[in-house]
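Hi,

Here is the structure I promised to pass on. Have a look at it first, then read my notes below.

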Amino acid sequence: MAAQIERIGLRRQCKAGERPPRRALGLALVALAVGLGCTASRPPETAQAPEAPRTYPSWANGAVFYEVFVRSFQDSNGDGKGDLAGLISRLDYLNDGKPETDTDLGVDALWLMPVFASPSYHGYDTTDYEQVNPDYGTNEDLTRLCSEAHRRGMHVVVDLVLNHTSNQHPWFIESASGPTSPRRDWYVWSPTDLHWPQPWNAAGSTWHMKNGAWYYGLFWAGMPDLNLRTPAVRAEAKRLAALWLGRGVDGFRLDAARHLIEDGPGDGQNDTPETHAFWKEFAAYVRSVRGDALLIGEAWTETPKIAPYYGSTEAVPGGDELPLNFDFPLAKKLVEGVQMGESKSIVQTLREVAETYPPGATDVPFLTNHDMRRVASVLKGDRGKLRSAAAVLLTLPGTPFLYYGEEIGLLNGTADPDEEKRTPMPWDATPGGGFTTGKPWHRFAPGQDTTHVAAQTGDPASLLSHYRRWIRARHASPALARGSLRILGGEGPVLAFVRSQGAERVLVAHNLGPDPQEVSFPVEATRAEPLLATDGASATRDGGTVRVVLPPYASGAFKL
Ligand SMILES: [Ca+2]
Ligand SMILES: [Ca+2]
Ligand SMILES: [Ca+2]
(Lines give C-alpha, C1' and ligand atoms only; values in the text may rest on other atoms or scores of the structure.)
(Ligands and ions follow the chains in the order given, each with its own letter.)
Protein backbone atom coordinates (compact mmCIF):
# COMPACT_ATOMS: atom_id res chain seq x y z
CA MET A 1 0.00 0.00 0.00
CA ALA A 2 1.22 3.48 -0.84
CA ALA A 3 2.57 5.65 1.93
CA GLN A 4 -0.21 7.38 3.76
CA ILE A 5 -0.69 11.07 3.61
CA GLU A 6 -2.27 12.02 6.88
CA ARG A 7 -2.80 15.62 7.62
CA ILE A 8 -4.77 17.23 10.32
CA GLY A 9 -5.54 20.82 11.05
CA LEU A 10 -5.74 21.03 14.81
CA ARG A 11 -7.50 24.19 15.75
CA ARG A 12 -8.82 23.77 19.20
CA GLN A 13 -10.22 21.28 21.60
CA CYS A 14 -13.95 21.34 22.28
CA LYS A 15 -14.63 21.85 25.93
CA ALA A 16 -17.23 19.97 27.89
CA GLY A 17 -20.29 22.14 28.39
CA GLU A 18 -19.45 24.44 25.51
CA ARG A 19 -22.55 25.76 23.85
CA PRO A 20 -22.45 25.95 20.06
CA PRO A 21 -23.30 29.28 18.47
CA ARG A 22 -26.79 29.73 17.14
CA ARG A 23 -27.41 30.67 13.56
CA ALA A 24 -30.26 31.18 11.20
CA LEU A 25 -31.42 28.39 8.93
CA GLY A 26 -30.17 28.99 5.39
CA LEU A 27 -32.93 27.34 3.41
CA ALA A 28 -31.81 28.64 0.03
CA LEU A 29 -28.77 26.41 -0.38
CA VAL A 30 -30.25 23.34 0.92
CA ALA A 31 -31.07 20.24 -1.05
CA LEU A 32 -31.07 18.25 2.12
CA ALA A 33 -29.82 20.17 5.07
CA VAL A 34 -30.82 18.68 8.31
CA GLY A 35 -30.73 20.06 11.76
CA LEU A 36 -29.36 16.78 13.06
CA GLY A 37 -26.83 17.55 15.71
CA CYS A 38 -27.08 21.17 14.80
CA THR A 39 -28.57 24.22 16.38
CA ALA A 40 -29.86 25.48 13.05
CA SER A 41 -33.52 24.63 13.44
CA ARG A 42 -33.98 25.08 17.15
CA PRO A 43 -36.93 27.25 17.98
CA PRO A 44 -36.25 30.91 18.62
CA GLU A 45 -35.34 31.73 22.18
CA THR A 46 -38.45 33.86 22.58
CA ALA A 47 -40.74 30.80 22.33
CA GLN A 48 -40.24 29.86 25.96
CA ALA A 49 -42.69 27.65 27.78
CA PRO A 50 -42.58 28.97 31.33
CA GLU A 51 -43.92 25.82 33.00
CA ALA A 52 -41.17 23.46 31.77
CA PRO A 53 -37.42 23.87 32.21
CA ARG A 54 -36.10 24.54 28.71
CA THR A 55 -32.74 22.93 29.09
CA TYR A 56 -30.66 20.58 26.99
CA PRO A 57 -27.40 18.71 27.61
CA SER A 58 -25.50 20.67 24.96
CA TRP A 59 -22.24 19.01 26.01
CA ALA A 60 -23.51 15.80 24.46
CA ASN A 61 -24.26 17.32 21.05
CA GLY A 62 -21.47 16.12 18.76
CA ALA A 63 -19.48 14.52 21.59
CA VAL A 64 -17.76 11.17 20.99
CA PHE A 65 -18.89 8.52 23.48
CA TYR A 66 -17.13 5.29 24.47
CA GLU A 67 -19.14 2.34 25.78
CA VAL A 68 -17.34 0.43 28.52
CA PHE A 69 -18.12 -3.01 29.92
CA VAL A 70 -16.44 -2.49 33.29
CA ARG A 71 -15.99 -6.24 33.92
CA SER A 72 -13.86 -6.49 30.77
CA PHE A 73 -11.89 -3.24 30.73
CA GLN A 74 -9.26 -3.32 33.49
CA ASP A 75 -8.87 -5.36 36.65
CA SER A 76 -7.12 -3.62 39.56
CA ASN A 77 -6.93 -6.38 42.19
CA GLY A 78 -6.06 -9.60 40.38
CA ASP A 79 -9.47 -11.27 40.74
CA GLY A 80 -9.80 -11.43 36.96
CA LYS A 81 -12.79 -9.08 36.86
CA GLY A 82 -12.53 -5.53 35.61
CA ASP A 83 -13.51 -2.87 38.14
CA LEU A 84 -13.91 0.87 38.62
CA ALA A 85 -10.43 1.36 40.09
CA GLY A 86 -9.06 -0.37 37.00
CA LEU A 87 -11.09 1.87 34.70
CA ILE A 88 -9.81 4.93 36.57
CA SER A 89 -6.25 3.73 35.96
CA ARG A 90 -7.00 3.60 32.22
CA LEU A 91 -8.73 6.98 31.88
CA ASP A 92 -5.62 8.60 30.40
CA TYR A 93 -5.84 6.12 27.51
CA LEU A 94 -9.35 7.43 26.79
CA ASN A 95 -8.67 11.12 27.38
CA ASP A 96 -5.79 12.50 29.40
CA GLY A 97 -7.42 15.92 29.65
CA LYS A 98 -4.46 17.61 27.95
CA PRO A 99 -5.30 19.14 24.57
CA GLU A 100 -1.60 19.36 23.70
CA THR A 101 -1.12 15.56 23.72
CA ASP A 102 -2.45 13.30 20.97
CA THR A 103 -1.43 9.97 22.48
CA ASP A 104 -4.90 9.47 23.98
CA LEU A 105 -8.03 8.39 22.13
CA GLY A 106 -9.71 11.72 22.89
CA VAL A 107 -13.28 10.63 23.61
CA ASP A 108 -15.57 13.08 25.38
CA ALA A 109 -17.79 10.81 27.46
CA LEU A 110 -18.23 7.28 28.77
CA TRP A 111 -21.26 5.03 28.91
CA LEU A 112 -20.81 2.37 31.58
CA MET A 113 -22.86 -0.78 31.12
CA PRO A 114 -24.67 -1.65 34.39
CA VAL A 115 -22.57 -1.08 37.50
CA PHE A 116 -25.21 -1.72 40.17
CA ALA A 117 -25.55 -4.86 42.30
CA SER A 118 -26.64 -7.84 40.21
CA PRO A 119 -26.33 -11.64 40.25
CA SER A 120 -25.35 -11.80 36.56
CA TYR A 121 -22.04 -11.07 34.87
CA HIS A 122 -23.68 -8.41 32.66
CA GLY A 123 -25.70 -6.65 35.33
CA TYR A 124 -28.90 -5.97 33.38
CA ASP A 125 -30.88 -7.57 36.23
CA THR A 126 -30.45 -5.28 39.21
CA THR A 127 -30.83 -6.34 42.84
CA ASP A 128 -29.97 -2.97 44.40
CA TYR A 129 -30.11 0.32 42.52
CA GLU A 130 -28.31 2.18 45.29
CA GLN A 131 -25.17 0.05 45.49
CA VAL A 132 -22.33 -0.51 43.06
CA ASN A 133 -21.71 -4.19 42.31
CA PRO A 134 -19.04 -5.34 44.82
CA ASP A 135 -17.15 -6.95 41.89
CA TYR A 136 -16.68 -3.40 40.57
CA GLY A 137 -15.93 -1.59 43.83
CA THR A 138 -17.85 0.80 46.03
CA ASN A 139 -20.20 3.74 45.58
CA GLU A 140 -17.24 5.95 46.44
CA ASP A 141 -15.27 4.38 43.57
CA LEU A 142 -18.02 5.39 41.16
CA THR A 143 -18.03 8.95 42.48
CA ARG A 144 -14.22 8.99 42.21
CA LEU A 145 -14.42 7.71 38.64
CA CYS A 146 -16.83 10.54 37.79
CA SER A 147 -14.59 13.21 39.30
CA GLU A 148 -11.46 11.75 37.62
CA ALA A 149 -13.32 11.73 34.29
CA HIS A 150 -14.59 15.27 34.84
CA ARG A 151 -11.05 16.41 35.62
CA ARG A 152 -10.11 15.19 32.13
CA GLY A 153 -13.10 16.91 30.49
CA MET A 154 -15.12 13.70 30.11
CA HIS A 155 -18.71 13.05 31.19
CA VAL A 156 -19.99 9.73 32.55
CA VAL A 157 -23.35 8.12 31.84
CA VAL A 158 -24.43 4.86 33.47
CA ASP A 159 -26.97 2.24 32.48
CA LEU A 160 -30.25 2.59 34.36
CA VAL A 161 -32.55 -0.37 33.81
CA LEU A 162 -36.08 0.69 34.68
CA ASN A 163 -38.11 -1.83 32.66
CA HIS A 164 -37.28 -4.73 34.96
CA THR A 165 -35.30 -5.86 37.98
CA SER A 166 -33.75 -9.17 38.92
CA ASN A 167 -36.20 -11.74 40.28
CA GLN A 168 -33.85 -11.71 43.29
CA HIS A 169 -34.50 -8.00 43.98
CA PRO A 170 -36.10 -7.64 47.45
CA TRP A 171 -38.94 -5.68 45.83
CA PHE A 172 -39.86 -8.66 43.67
CA ILE A 173 -39.50 -11.20 46.46
CA GLU A 174 -41.87 -9.08 48.55
CA SER A 175 -44.25 -8.52 45.63
CA ALA A 176 -44.38 -12.25 44.87
CA SER A 177 -45.12 -13.18 48.47
CA GLY A 178 -48.86 -12.88 47.88
CA PRO A 179 -51.75 -10.76 46.56
CA THR A 180 -51.84 -8.66 49.73
CA SER A 181 -48.16 -7.72 49.63
CA PRO A 182 -47.70 -3.94 49.97
CA ARG A 183 -45.47 -4.14 46.89
CA ARG A 184 -47.86 -6.35 44.89
CA ASP A 185 -48.46 -3.56 42.37
CA TRP A 186 -44.73 -2.86 41.91
CA TYR A 187 -44.78 -5.66 39.33
CA VAL A 188 -47.37 -6.80 36.78
CA TRP A 189 -49.47 -9.74 37.97
CA SER A 190 -52.26 -11.82 36.49
CA PRO A 191 -54.24 -14.71 38.01
CA THR A 192 -53.82 -16.58 34.70
CA ASP A 193 -51.22 -17.03 31.96
CA LEU A 194 -52.15 -14.42 29.34
CA HIS A 195 -49.91 -16.07 26.71
CA TRP A 196 -48.38 -12.91 25.25
CA PRO A 197 -45.44 -13.77 23.00
CA GLN A 198 -42.18 -11.87 22.97
CA PRO A 199 -42.35 -9.16 20.27
CA TRP A 200 -39.23 -10.61 18.61
CA ASN A 201 -40.06 -14.27 19.22
CA ALA A 202 -43.56 -15.63 18.63
CA ALA A 203 -42.66 -18.80 20.54
CA GLY A 204 -41.36 -16.88 23.57
CA SER A 205 -43.44 -16.54 26.71
CA THR A 206 -43.65 -13.39 28.79
CA TRP A 207 -45.87 -14.53 31.67
CA HIS A 208 -44.21 -16.62 34.35
CA MET A 209 -45.70 -18.39 37.34
CA LYS A 210 -44.70 -17.73 40.92
CA ASN A 211 -46.58 -18.61 44.11
CA GLY A 212 -49.81 -19.38 42.25
CA ALA A 213 -49.97 -16.28 40.07
CA TRP A 214 -48.40 -15.08 36.82
CA TYR A 215 -46.05 -12.13 36.44
CA TYR A 216 -44.94 -10.33 33.31
CA GLY A 217 -41.27 -10.62 32.40
CA LEU A 218 -40.63 -9.54 28.83
CA PHE A 219 -37.08 -10.86 28.52
CA TRP A 220 -37.22 -13.94 30.74
CA ALA A 221 -38.46 -15.18 34.08
CA GLY A 222 -35.33 -13.86 35.81
CA MET A 223 -36.21 -10.28 34.83
CA PRO A 224 -39.72 -9.39 36.06
CA ASP A 225 -41.03 -6.13 34.56
CA LEU A 226 -41.59 -3.28 37.00
CA ASN A 227 -45.09 -1.82 36.98
CA LEU A 228 -44.43 1.78 36.00
CA ARG A 229 -48.13 2.58 36.22
CA THR A 230 -47.76 2.47 39.99
CA PRO A 231 -47.07 5.98 41.33
CA ALA A 232 -44.66 4.67 43.99
CA VAL A 233 -42.56 2.96 41.30
CA ARG A 234 -42.47 6.12 39.20
CA ALA A 235 -41.42 8.08 42.26
CA GLU A 236 -38.71 5.52 43.05
CA ALA A 237 -37.31 5.72 39.49
CA LYS A 238 -37.02 9.49 39.85
CA ARG A 239 -35.51 9.28 43.31
CA LEU A 240 -32.83 6.88 42.08
CA ALA A 241 -31.98 9.13 39.12
CA ALA A 242 -31.58 12.12 41.45
CA LEU A 243 -29.52 10.03 43.86
CA TRP A 244 -26.93 9.07 41.23
CA LEU A 245 -26.86 12.52 39.67
CA GLY A 246 -26.04 13.75 43.16
CA ARG A 247 -23.29 11.14 43.41
CA GLY A 248 -21.59 12.50 40.30
CA VAL A 249 -22.93 10.76 37.20
CA ASP A 250 -23.98 12.95 34.26
CA GLY A 251 -26.93 10.95 32.99
CA PHE A 252 -28.35 7.59 32.11
CA ARG A 253 -28.54 5.14 29.25
CA LEU A 254 -32.08 3.76 29.41
CA ASP A 255 -32.33 0.07 28.66
CA ALA A 256 -35.35 -1.38 26.82
CA ALA A 257 -36.81 2.12 26.57
CA ARG A 258 -39.71 1.08 24.31
CA HIS A 259 -41.01 -1.66 26.57
CA LEU A 260 -41.78 0.18 29.81
CA ILE A 261 -45.56 0.09 30.02
CA GLU A 262 -47.50 -2.58 28.16
CA ASP A 263 -51.24 -2.74 27.53
CA GLY A 264 -51.67 -5.96 25.58
CA PRO A 265 -49.95 -8.51 23.35
CA GLY A 266 -48.21 -7.50 20.12
CA ASP A 267 -48.21 -3.75 19.54
CA GLY A 268 -49.20 -3.27 23.17
CA GLN A 269 -45.78 -4.46 24.28
CA ASN A 270 -43.85 -1.70 22.49
CA ASP A 271 -43.93 2.08 22.18
CA THR A 272 -47.22 2.59 23.99
CA PRO A 273 -48.52 6.12 24.66
CA GLU A 274 -48.11 5.42 28.39
CA THR A 275 -44.44 4.58 27.83
CA HIS A 276 -43.88 7.88 26.02
CA ALA A 277 -45.79 9.72 28.74
CA PHE A 278 -43.61 8.14 31.42
CA TRP A 279 -40.40 9.16 29.69
CA LYS A 280 -41.64 12.73 29.30
CA GLU A 281 -42.45 12.85 33.00
CA PHE A 282 -39.12 11.26 33.94
CA ALA A 283 -37.15 13.57 31.63
CA ALA A 284 -38.87 16.69 32.99
CA TYR A 285 -37.98 15.57 36.50
CA VAL A 286 -34.34 14.88 35.55
CA ARG A 287 -34.11 18.31 33.89
CA SER A 288 -35.47 19.89 37.07
CA VAL A 289 -32.71 18.17 39.08
CA ARG A 290 -29.91 18.95 36.65
CA GLY A 291 -30.50 20.82 33.43
CA ASP A 292 -27.50 19.32 31.64
CA ALA A 293 -28.13 15.70 32.63
CA LEU A 294 -28.30 13.37 29.64
CA LEU A 295 -30.81 10.62 28.86
CA ILE A 296 -30.07 8.14 26.07
CA GLY A 297 -32.77 5.74 24.93
CA GLU A 298 -32.36 2.21 23.69
CA ALA A 299 -35.31 1.99 21.31
CA TRP A 300 -34.15 -0.85 19.08
CA THR A 301 -36.59 -0.46 16.22
CA GLU A 302 -37.23 1.32 12.92
CA THR A 303 -36.63 5.02 12.28
CA PRO A 304 -40.31 6.12 12.36
CA LYS A 305 -40.73 4.47 15.77
CA ILE A 306 -37.47 5.87 17.18
CA ALA A 307 -38.31 9.44 16.18
CA PRO A 308 -41.14 9.94 18.75
CA TYR A 309 -38.73 9.16 21.61
CA TYR A 310 -37.20 12.60 21.12
CA GLY A 311 -40.57 14.14 21.96
CA SER A 312 -41.13 17.76 21.07
CA THR A 313 -38.10 19.84 20.12
CA GLU A 314 -40.32 22.90 20.30
CA ALA A 315 -41.06 22.33 23.97
CA VAL A 316 -37.42 21.70 24.87
CA PRO A 317 -34.37 22.14 22.60
CA GLY A 318 -33.21 18.68 21.53
CA GLY A 319 -36.50 17.11 22.63
CA ASP A 320 -38.69 17.02 25.73
CA GLU A 321 -38.56 13.21 25.97
CA LEU A 322 -35.13 11.58 25.43
CA PRO A 323 -32.53 13.95 23.93
CA LEU A 324 -30.48 11.08 22.46
CA ASN A 325 -31.65 7.78 20.97
CA PHE A 326 -29.40 5.16 19.45
CA ASP A 327 -29.79 4.91 15.68
CA PHE A 328 -30.03 1.14 15.27
CA PRO A 329 -31.17 1.22 11.60
CA LEU A 330 -28.19 3.40 10.69
CA ALA A 331 -25.77 1.13 12.59
CA LYS A 332 -26.98 -1.83 10.52
CA LYS A 333 -26.65 0.07 7.25
CA LEU A 334 -23.24 1.53 8.12
CA VAL A 335 -21.75 -1.90 8.74
CA GLU A 336 -23.50 -3.45 5.71
CA GLY A 337 -22.58 -0.52 3.47
CA VAL A 338 -18.91 -0.70 4.44
CA GLN A 339 -19.00 -4.48 4.06
CA MET A 340 -20.44 -4.25 0.54
CA GLY A 341 -18.61 -1.08 -0.49
CA GLU A 342 -21.91 0.61 -1.32
CA SER A 343 -23.19 3.91 0.02
CA LYS A 344 -26.80 3.69 -1.18
CA SER A 345 -28.50 2.25 1.88
CA ILE A 346 -26.47 4.48 4.23
CA VAL A 347 -27.69 7.51 2.31
CA GLN A 348 -31.29 6.25 2.32
CA THR A 349 -31.18 5.84 6.09
CA LEU A 350 -29.65 9.28 6.64
CA ARG A 351 -32.40 10.76 4.45
CA GLU A 352 -35.12 8.89 6.32
CA VAL A 353 -33.72 10.16 9.61
CA ALA A 354 -33.64 13.70 8.26
CA GLU A 355 -37.25 13.48 7.12
CA THR A 356 -38.57 11.71 10.21
CA TYR A 357 -36.79 13.08 13.28
CA PRO A 358 -38.05 16.34 14.77
CA PRO A 359 -36.01 19.41 13.77
CA GLY A 360 -33.01 19.91 16.03
CA ALA A 361 -32.93 16.28 17.20
CA THR A 362 -29.45 14.82 17.69
CA ASP A 363 -28.80 11.54 15.89
CA VAL A 364 -26.72 8.82 17.59
CA PRO A 365 -24.67 6.87 15.05
CA PHE A 366 -22.68 3.81 16.06
CA LEU A 367 -21.33 0.62 14.48
CA THR A 368 -22.03 -2.02 17.12
CA ASN A 369 -22.71 -2.35 20.81
CA HIS A 370 -22.54 -5.10 23.42
CA ASP A 371 -25.54 -6.88 21.88
CA MET A 372 -24.01 -7.21 18.42
CA ARG A 373 -21.28 -9.25 16.81
CA ARG A 374 -18.16 -7.10 16.80
CA VAL A 375 -17.61 -5.08 13.63
CA ALA A 376 -14.05 -6.38 13.17
CA SER A 377 -15.49 -9.91 12.92
CA VAL A 378 -18.32 -8.88 10.61
CA LEU A 379 -15.77 -7.17 8.34
CA LYS A 380 -13.45 -10.18 8.68
CA GLY A 381 -10.62 -8.03 10.03
CA ASP A 382 -10.31 -6.23 6.67
CA ARG A 383 -7.98 -3.30 7.35
CA GLY A 384 -9.44 -0.99 4.68
CA LYS A 385 -13.05 -1.63 5.63
CA LEU A 386 -12.36 -1.12 9.34
CA ARG A 387 -10.70 2.20 8.52
CA SER A 388 -13.68 3.21 6.35
CA ALA A 389 -16.17 2.31 9.06
CA ALA A 390 -14.31 4.43 11.62
CA ALA A 391 -14.00 7.45 9.34
CA VAL A 392 -17.66 7.34 8.31
CA LEU A 393 -18.85 7.01 11.92
CA LEU A 394 -16.74 9.93 13.09
CA THR A 395 -17.78 12.32 10.31
CA LEU A 396 -21.55 11.86 10.63
CA PRO A 397 -23.82 14.34 12.41
CA GLY A 398 -24.84 13.73 15.99
CA THR A 399 -23.20 11.94 18.86
CA PRO A 400 -21.18 8.88 17.75
CA PHE A 401 -20.67 5.96 20.13
CA LEU A 402 -17.67 3.61 20.03
CA TYR A 403 -17.81 0.21 21.68
CA TYR A 404 -14.65 -0.57 23.68
CA GLY A 405 -12.13 -2.47 21.57
CA GLU A 406 -13.52 -1.26 18.24
CA GLU A 407 -10.66 1.23 18.06
CA ILE A 408 -8.11 -1.60 17.91
CA GLY A 409 -10.15 -3.97 15.72
CA LEU A 410 -11.00 -6.34 18.57
CA LEU A 411 -12.63 -9.49 17.23
CA ASN A 412 -15.65 -11.28 18.59
CA GLY A 413 -15.02 -14.37 20.65
CA THR A 414 -15.38 -17.69 18.90
CA ALA A 415 -18.66 -18.99 20.34
CA ASP A 416 -22.26 -17.75 20.21
CA PRO A 417 -23.17 -16.47 23.68
CA ASP A 418 -23.27 -12.74 24.40
CA GLU A 419 -20.13 -13.05 26.53
CA GLU A 420 -18.19 -13.44 23.28
CA LYS A 421 -19.15 -9.86 22.34
CA ARG A 422 -17.86 -8.62 25.71
CA THR A 423 -14.42 -10.20 26.14
CA PRO A 424 -11.56 -8.58 28.11
CA MET A 425 -9.75 -5.62 26.60
CA PRO A 426 -6.32 -6.71 25.33
CA TRP A 427 -3.79 -4.11 26.41
CA ASP A 428 -0.68 -6.15 25.61
CA ALA A 429 0.49 -9.65 24.64
CA THR A 430 1.18 -10.97 28.16
CA PRO A 431 -0.94 -13.90 29.42
CA GLY A 432 -3.19 -11.54 31.39
CA GLY A 433 -3.23 -9.14 28.44
CA GLY A 434 -2.42 -6.24 30.77
CA PHE A 435 -6.05 -6.63 31.79
CA THR A 436 -5.38 -8.65 34.92
CA THR A 437 -2.55 -10.19 36.91
CA GLY A 438 -4.90 -13.10 37.66
CA LYS A 439 -7.06 -15.31 35.48
CA PRO A 440 -9.39 -13.29 33.25
CA TRP A 441 -13.10 -13.83 34.02
CA HIS A 442 -13.51 -14.79 30.36
CA ARG A 443 -10.99 -15.84 27.73
CA PHE A 444 -9.66 -13.22 25.35
CA ALA A 445 -10.99 -13.00 21.80
CA PRO A 446 -8.74 -14.59 19.15
CA GLY A 447 -5.61 -12.66 18.21
CA GLN A 448 -4.85 -11.21 21.65
CA ASP A 449 -1.15 -11.80 20.96
CA THR A 450 -1.23 -9.41 17.98
CA THR A 451 -4.36 -7.23 18.36
CA HIS A 452 -3.72 -5.13 21.46
CA VAL A 453 -3.27 -1.53 22.51
CA ALA A 454 0.50 -1.71 23.06
CA ALA A 455 1.11 -2.88 19.49
CA GLN A 456 -0.94 -0.06 17.99
CA THR A 457 -0.33 2.84 20.28
CA GLY A 458 2.88 4.17 18.69
CA ASP A 459 2.18 2.96 15.15
CA PRO A 460 0.92 5.79 12.91
CA ALA A 461 -0.55 3.23 10.49
CA SER A 462 -2.63 1.44 13.14
CA LEU A 463 -6.40 1.47 13.45
CA LEU A 464 -6.03 3.05 16.89
CA SER A 465 -4.06 5.97 15.42
CA HIS A 466 -6.72 6.28 12.69
CA TYR A 467 -9.48 6.57 15.33
CA ARG A 468 -7.44 9.13 17.27
CA ARG A 469 -6.97 11.27 14.16
CA TRP A 470 -10.63 11.26 13.18
CA ILE A 471 -11.74 12.07 16.72
CA ARG A 472 -9.26 14.96 16.75
CA ALA A 473 -10.49 16.16 13.36
CA ARG A 474 -14.03 16.17 14.74
CA HIS A 475 -12.94 18.22 17.73
CA ALA A 476 -11.07 20.63 15.49
CA SER A 477 -14.17 21.41 13.43
CA PRO A 478 -17.50 22.68 14.80
CA ALA A 479 -19.02 21.79 11.40
CA LEU A 480 -17.90 18.18 11.69
CA ALA A 481 -18.94 17.94 15.34
CA ARG A 482 -22.28 19.74 15.30
CA GLY A 483 -23.00 20.98 11.81
CA SER A 484 -25.86 20.25 9.46
CA LEU A 485 -25.71 17.57 6.77
CA ARG A 486 -26.15 17.93 3.02
CA ILE A 487 -25.72 14.66 1.16
CA LEU A 488 -24.00 14.74 -2.24
CA GLY A 489 -25.08 11.82 -4.36
CA GLY A 490 -26.48 8.55 -3.18
CA GLU A 491 -25.05 5.36 -4.64
CA GLY A 492 -21.86 3.54 -5.53
CA PRO A 493 -18.79 3.24 -3.37
CA VAL A 494 -18.43 6.98 -2.69
CA LEU A 495 -20.24 8.44 0.30
CA ALA A 496 -19.96 12.24 0.26
CA PHE A 497 -21.61 15.09 2.10
CA VAL A 498 -21.10 18.64 3.28
CA ARG A 499 -21.22 19.47 6.98
CA SER A 500 -21.87 23.12 7.81
CA GLN A 501 -21.88 25.20 10.96
CA GLY A 502 -22.05 28.97 10.66
CA ALA A 503 -19.55 30.04 8.02
CA GLU A 504 -17.59 26.79 8.28
CA ARG A 505 -18.22 24.18 5.61
CA VAL A 506 -16.47 20.82 5.36
CA LEU A 507 -16.71 18.49 2.36
CA VAL A 508 -16.44 14.86 3.49
CA ALA A 509 -15.82 12.03 1.04
CA HIS A 510 -15.28 8.33 1.72
CA ASN A 511 -14.38 5.58 -0.71
CA LEU A 512 -16.01 2.46 0.71
CA GLY A 513 -14.64 0.24 -2.03
CA PRO A 514 -11.42 -1.46 -3.16
CA ASP A 515 -11.10 0.51 -6.43
CA PRO A 516 -9.70 4.05 -6.72
CA GLN A 517 -12.33 6.76 -7.26
CA GLU A 518 -12.19 10.28 -8.62
CA VAL A 519 -15.30 12.44 -8.27
CA SER A 520 -16.11 16.09 -8.94
CA PHE A 521 -18.65 17.72 -6.68
CA PRO A 522 -20.45 20.90 -7.76
CA VAL A 523 -19.93 22.79 -4.52
CA GLU A 524 -18.96 26.42 -4.08
CA ALA A 525 -15.47 26.62 -2.67
CA THR A 526 -12.72 29.17 -2.18
CA ARG A 527 -10.40 26.40 -1.03
CA ALA A 528 -10.29 22.64 -0.46
CA GLU A 529 -8.00 22.45 2.52
CA PRO A 530 -7.66 19.09 4.26
CA LEU A 531 -8.88 19.01 7.83
CA LEU A 532 -7.89 15.35 7.69
CA ALA A 533 -7.20 13.12 4.71
CA THR A 534 -6.38 9.45 5.28
CA ASP A 535 -5.05 6.69 3.04
CA GLY A 536 -4.10 9.12 0.28
CA ALA A 537 -7.31 11.10 -0.18
CA SER A 538 -6.88 14.54 -1.77
CA ALA A 539 -9.02 17.36 -3.15
CA THR A 540 -8.48 20.25 -5.56
CA ARG A 541 -10.65 23.14 -6.69
CA ASP A 542 -11.49 22.89 -10.38
CA GLY A 543 -13.65 25.74 -11.69
CA GLY A 544 -17.03 25.52 -9.98
CA THR A 545 -16.33 22.10 -8.59
CA VAL A 546 -14.16 20.32 -6.06
CA ARG A 547 -12.40 17.27 -7.45
CA VAL A 548 -11.69 14.54 -4.91
CA VAL A 549 -9.25 11.69 -5.48
CA LEU A 550 -9.89 8.67 -3.28
CA PRO A 551 -7.62 5.63 -3.30
CA PRO A 552 -9.22 2.41 -1.97
CA TYR A 553 -10.88 2.91 1.42
CA ALA A 554 -9.59 6.48 1.66
CA SER A 555 -11.46 9.25 3.48
CA GLY A 556 -11.06 12.99 3.47
CA ALA A 557 -12.59 16.01 5.17
CA PHE A 558 -11.81 19.24 3.33
CA LYS A 559 -12.58 22.76 4.46
CA LEU A 560 -14.29 24.74 1.72
CA1 LIG B 1 -11.22 -6.76 39.98
CA1 LIG C 1 -4.76 14.65 25.05
CA1 LIG D 1 -42.35 -3.26 30.76
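Let's start with R247: this residue counts as partly exposed, at 23% relative accessibility. For that label, buried means under 20% relative accessible area, exposed means over 50%, and partly exposed is in between, using a 1.4 Å probe and protein chains only. R247 sits in the loop between α5 and β10 (251–254). Helices (H or I, at least four residues) and strands (E, at least two) are DSSP runs, numbered from the N terminus. If you skip its neighbours within four places in sequence, R247 is in contact with E130, N139 and T143, where contact means heavy atoms within 4.5 Å. Its C-alpha atom is 35 Å from that of G413, and the two residues are 166 apart along the chain.

Before going further, some housekeeping. This is a predicted model, where local features need pLDDT of at least 70 and side-chain atom pairs count only at pLDDT 80 or more, while totals for chains, interfaces and linings use all residues. Residues are numbered from 1 along each chain as its sequence is written, chains are lettered from A and ligands numbered from 1 in the order in which they are written, and side-chain values use heavy atoms, with hydrogens and water left out.

Now the whole protein. It has 14 helices and 22 strands. Its radius of gyration is 23 Å, close to the 24 Å from the globule rule for 560 residues, so the protein is as compact as a globular protein of that length. (That radius is taken over C-alpha atoms, and the rule is 2.2 Å times the number of residues to the power 0.38.) Along the principal axes, the C-alpha atoms fill a box of roughly 80 × 60 × 45 Å. Of the 560 residues, 61% count as buried. Looking at contacts between residues at least 6 apart in sequence, 68% join residues at least 24 apart.

Next, the calcium ions. Which residues hold the calcium ion (ligand 3)? Its protein donors are N163 (OD1), D225 (OD), H259 (O), L260 (O) and E262 (OE), at 2.3 to 2.5 Å from the ion. N163 lies in the loop between β6 (155–160) and α4 (170–175), and D225 in the loop between β9 (213–216) and α5 (231–246), so this pair ties together parts that are 62 residues apart in sequence. Donors here are N, O and S atoms within 2.8 Å of the metal (3.2 Å for Na, K and Ca); water is not among the atoms, so sites may look incomplete. Are N163 and D225 buried or exposed? N163 is buried, with a relative accessible area of 0%, and D225 is buried at 0% too.

For the calcium ion (ligand 1), the donors are D75 (OD), N77 (OD1), D79 (OD), K81 (O) and D83 (OD), at 2.3 to 2.4 Å. Along the chain they follow the spacing D-x1-N-x1-D-x1-K-x1-D. Here N77 is exposed, at 52% relative accessibility, while K81 is partly exposed, at 26%.

One last spot to click on is G311, in the loop between α7 (303–306) and β12 (324–326). G311 is buried, with a relative accessible area of 18%. Not counting residues up to four places away in sequence, G311 touches K280, D320, E321 and P358. The C-alpha atoms of G311 and P358 are 7.9 Å apart, with their positions 47 residues apart along the chain.

Cheers
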